[in-house]
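Biologist: I'd like to go through this one and ask you to justify the labels you put on it. Can you show me what we have?

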Amino acid sequence: MNPSNKYTPRNRMQREKTTLSNHSDSGKDPVRVYCRLRPLKDNKESTCIKLLSPSVLSLTTPMESKGSRKEVHYKFKHIFTSYSGQREIFDHVAYPLIEDLLKGKNALLFTYGVTGSGKTFTLTGDENNPGIMPRCIDTIFNSIGDNQAPKYVIKSDKMNGFEIQSETEAYRDRMQEDRAALKTPKTPRRVNSSDKINYANDNLKILLLNETNLYSVFVSYIEIYNNTVFDLLDESSGKSLQSKILREDFNKNMYVNGVVEVEVKTAQEAFNIFFTGQRRKRMGDTILNAESSRSHSIFNIRIVQLEQQTLNYDGQPMIPEGNHMQISQISLVDLAGSERTNRTQTTGARLREASAINNSLMSLRNCLEILRENQMKKSNRLVPYRDTRLTQLFKNYFEGEGSVQMIICANPSIEDFEENLQVMKFGEMTQDVKIAKSEAKYTPIHKRTIEKNTVTPKTASKPKNATFTLLPEVPAMKFNFENIEDCGIQIDKLVRILKLRKNKSVNVNRESEIKIKEFRNRLLEMDKDFVLNKTEIKSLRTIIQKEKHKSINLQTKVVDLETVNDSLAHKCGELEDVVRSLQNKISEKDRKINQNCLEKEKHKHRLAQQSEKTQELDMKLKKQRDYLNAAMKAKDYKLKKVKEVLESDLIPPIDITEIQKEPNVYSHKLVQQAEKENQTPHKSRSTVATSTPSHRRRSRSAGEVWLEHNSIKPVPLGTVLQPSMKKRKSVTKLSKATDITNPKQSKYCLIAQDQDTDGEVETKVYKADILPTCGGGAQVVFNDVERLRQESPTK
Ligand SMILES: Nc1ncnc2c1ncn2[C@@H]1O[C@H](COP(=O)(O)OP(=O)(O)OP(=O)(O)O)[C@@H](O)[C@H]1O
């Protein structure tokens, strides 16, 4: 199976575009996105993630899900399985970043995923499985070794920059710190035994480090909680945390105003600082994870490097003219879990936290999406970094001030399927964003008042380690005026040193002028900022006023709604009464229905009895049918007899009026007669009226004219088949003898309609020949009966 075939068309298109545009974006690097799968809590738990290759995984809709099952594939730079150790992740992801950091480049690394997916574990880990943060710190200190500037010589200027203090100032600060530690031995910043976590150190180093540089390491730890920035190391406000504002520095870089940056000299010191901040971090218990972090926490490590030292006359290292410092930073970001509020069942303050978290994550997504769109379509949409503090703080990274990497953490459990889908989608999209390659930057050193030009080495055996100077010290000289030559040499040396000092002081003056200018500019900038902030505060006040107004309105609405609620509750009570009475009625009706059912049963029983009776009647009908069949036979016999009579010219007289009135009765009589004749054939012959063959012939030659004898109002049948009577005369009544003795008529038919047992109309056509008799009358001989019966097809 080729996994890439399963990419959605959108993704594939974008991917192709990205590959195409790679050629033109040689100065940019894509955001590197890794994925880490954490082990399942229970090995028997079913998983929705399958690894297809070291960089491709598939996410399958679980069986339990209501929607249609689908399999989606995601590709990342590398996927770490649940078997991948912390060291493997550090080597792949963070080691290159530390290499860059010590070369003066910035980096941003953040972990993103659902609550409980292993973000904090990946970044921090535990004593035996140190995560990325402790490994980064260890690697930095393993690498820089003793090449550290003495503590407090390099100091934060509180405006995102650094300045150099004189050794006297640095010494004073160190003494102050020691005194404070003596006064309050339990100061959290000092090592507290309960904080001590001894992370296992792999003694990993960055090779090819510029060993002639002097390094200082600073750490700061902030959190963004409900879209407000707090400094976790600022103890000035006691136990409560003070919110901080974000500012832009001289180089347009965002920083947290007044953030505490602690200079650390050992890895353990850095860890202690981290745990001090960790204690202050707000933690919340959600159902998913008992130690879930409800805020985004950002641990910054800054490295300040001073270019190579030169030695002064006394062999002591000193900063050469025009020396520069290099500042680089790595931000390790543990984002709060991207969770669905309904799944964690959060309410109240927790719900507000969750929506703030989701807002900032959403805003991060939004910014990255617009950045990607701008890069792909070469458009210039404004990236809304200002929407949240999180995006505002990362703005510089996304605009090319350092490389950006992300680790997507996922719990492969099927419970996390929906959220993982969203997280993976975001991760895949982020890979398309390109960040300009960052360059190491040097900034001119901001020197403060110099009181002393040399720094006493802390350890005599390692002068390089602890020596720091700005101006060559005037050596103590003893002039031996007896030895003029020696005096001359000494004076020359003194002149050189004085010249050097003079040059230095000229330079210092020049630099201080530059600094004053810079400071003025800064003041102007700050003034501008101040005006801007003032307007912002004004507009915020208006917003607050509006919000207050809104909240008053909402309160009034709440009161109104409560009144409505009360009246509804009252109505509810009334309706419940109605429901109760209706229920009584229903039970009454149920009782009646039961009674009806009983009666129905009885009725059924009666019907069964009736059907038995019907069967009896059917039997009788059958008997009658048999009887009629016998009658037909008798009729046949009679016809035969009529034939014989015709041949013997003895025709019995027929009473026409009798036929007219009751043809059926008449035919029945004929049948009875035939039966009698059957019994006494010879006697009957003399009573039957006969027609002469010659008469019959005459009537035939006259043509078949029918005398149709019908009822006054026959039921209209509309039948397709009609009796074949070309010439006919229809009468409803035979009133005189000539009606039948008319010599033109040779055929007679009597039409009778009746209802059968099924309620259907049955039409019977009794056909007869009209035979003239020798007495001038006419004899009607019935010889055929046609039955016409219509019935419903559905029946
Ligand atoms: N790769 C892993 N190996 C072993 N255990 C892990 C791994 N990943 C996470 N865990 C364990 O899972 C639990 C939750 O992990 P963690 O606290 O790192 O989640 P999280 O994503 O940071 O959650 P939150 O967003 O709520 O802070 C912890 O007990 C952690 O030890």
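Modeller: Before I get to helix pairs, one definition: axes are lines fitted to C-alpha atoms, for helices over the stretch in contact, and angles run from 0 to 180 degrees between N-to-C directions. Also keep in mind that this is a predicted model. The chain holds 17 helices and 28 strands, and 30% of its 795 residues count as buried.

Biologist: Fine. What makes α2 and α4 oblique to each other?

Modeller: The axes of α2 (residues 86–102) and α4 (residues 132–144) cross at roughly 45° and come within 10 Å. Angles under 35 degrees would be roughly parallel, and 65 to 115 roughly perpendicular. The crossing angle of roughly 45° fits neither class, and the rest count as oblique, therefore α2 and α4 are oblique to each other. The crossing of α2 and α4 is also right-handed.

Biologist: Which residues in α2 and α4 meet?

Modeller: On the α2 side they are I89, F90, V93, A94, I98 and L102. On the α4 side they are I132, R135, C136, T139, I140 and S143. The cut-off for such a contact is C-beta atoms within 7 Å.

Biologist: Now to burial. Why does V114 count as buried?

Modeller: The cut-off is 20 or more other C-beta atoms within 10 Å. V114 has 26 such neighbours, so it counts as buried. T115 has 24 of them, so T115 counts as buried too. V114 is found in the loop between β7 (107–113) and α3 (119–123), and T115 is found in the loop between β7 and α3 as well.

Biologist: What does the UniProt record list for that stretch?

Modeller: An unreviewed UniProt entry has a "binding site" annotation covering G113, V114, T115, G116, S117, G118, K119 and T120.

Biologist: And why is L40 called partly exposed?

Modeller: A residue with 12 or fewer neighbours is exposed and one with 20 or more is buried, with partly exposed in between. L40 has 15 C-beta neighbours inside 10 Å, so it counts as partly exposed. L40 is found in the loop between β2 (32–37) and β3. Leaving out residues up to four places away in sequence, L40 touches E45, T47, P412 and S413. L40 and S82 are 42 residues apart in sequence, and their C-alpha atoms are 8.2 Å apart in space.

Biologist: How do you know that β16 is largely enclosed by the rest of the structure?

Modeller: By counting its buried residues. Ten of the eleven residues of β16 (residues 296–306) are buried, so the strand is largely enclosed by the rest of the structure.

Biologist: What makes β10 and β16 a pair?

Modeller: Two strands pair if there are at least two bridges between them. β10 (residues 214–225) and β16 have eleven, in the antiparallel sense, and one of the matches puts Y221 with F299 in β16. β16 is also joined to β19 (residues 324–334) by ten bridges, again antiparallel, and there I301 has I330 in β19 as its bridge partner.

Biologist: Why are β3 and β5 said to stand at the edges?

Modeller: They belong to an open sheet of three strands, ordered β3-β4-β5 with antiparallel pairing. β3 (49–53) and β5 (71–75) each have a single partner strand, so one side of each is left without a neighbour in the sheet. The twist averages 25° from one strand to the next. β3 and β4 (residues 56–60) pair over four bridges, with L51 opposite L57 in β4. Helix α10 (residues 417–430) lies across β4 and β5, running at about 145° to β4.

Biologist: Which strands stand at the edges of the five-strand sheet?

Modeller: That open sheet has the order β25-β24-β26-β27-β28, with mixed pairing. β25 (727–731) and β28 (778–789) each have a single partner strand, so one side of each is left without a neighbour in the sheet. Neighbouring strands of this sheet are turned by 25° against each other on average, direction ignored. β26 (residues 745–755) and β27 (residues 761–772) pair over nine bridges in the antiparallel sense, and Q753 has T763 in β27 as its bridge partner.

Biologist: Last one: how much of the "coiled-coil region" is helix?

Modeller: UniProt lists residues 565–592 under that name, in an unreviewed entry. In the model, residues 565–592 are 100% helix and 0% strand, and the end C-alpha atoms lie 40 Å apart.

Conventions
Residues are numbered from 1 along each chain as its sequence is written. This is a predicted model: local features need pLDDT of at least 70, side-chain atom pairs count only at pLDDT 80 or more; totals for chains, interfaces and linings use all residues. Helices (H or I, at least four residues) and strands (E, at least two) are DSSP runs, numbered from the N terminus. Two residues are in contact if their C-beta atoms, placed from the backbone, lie within 7 Å. UniProt positions are given in the numbering used here, feature names are shortened, and annotations may be inferred rather than shown by experiment. Angles under 35 degrees count as roughly parallel, over 145 as roughly antiparallel, 65 to 115 as roughly perpendicular and the rest as oblique. A crossing is left-handed if the near helix is turned anticlockwise from the far one by less than a right angle, and right-handed if clockwise.
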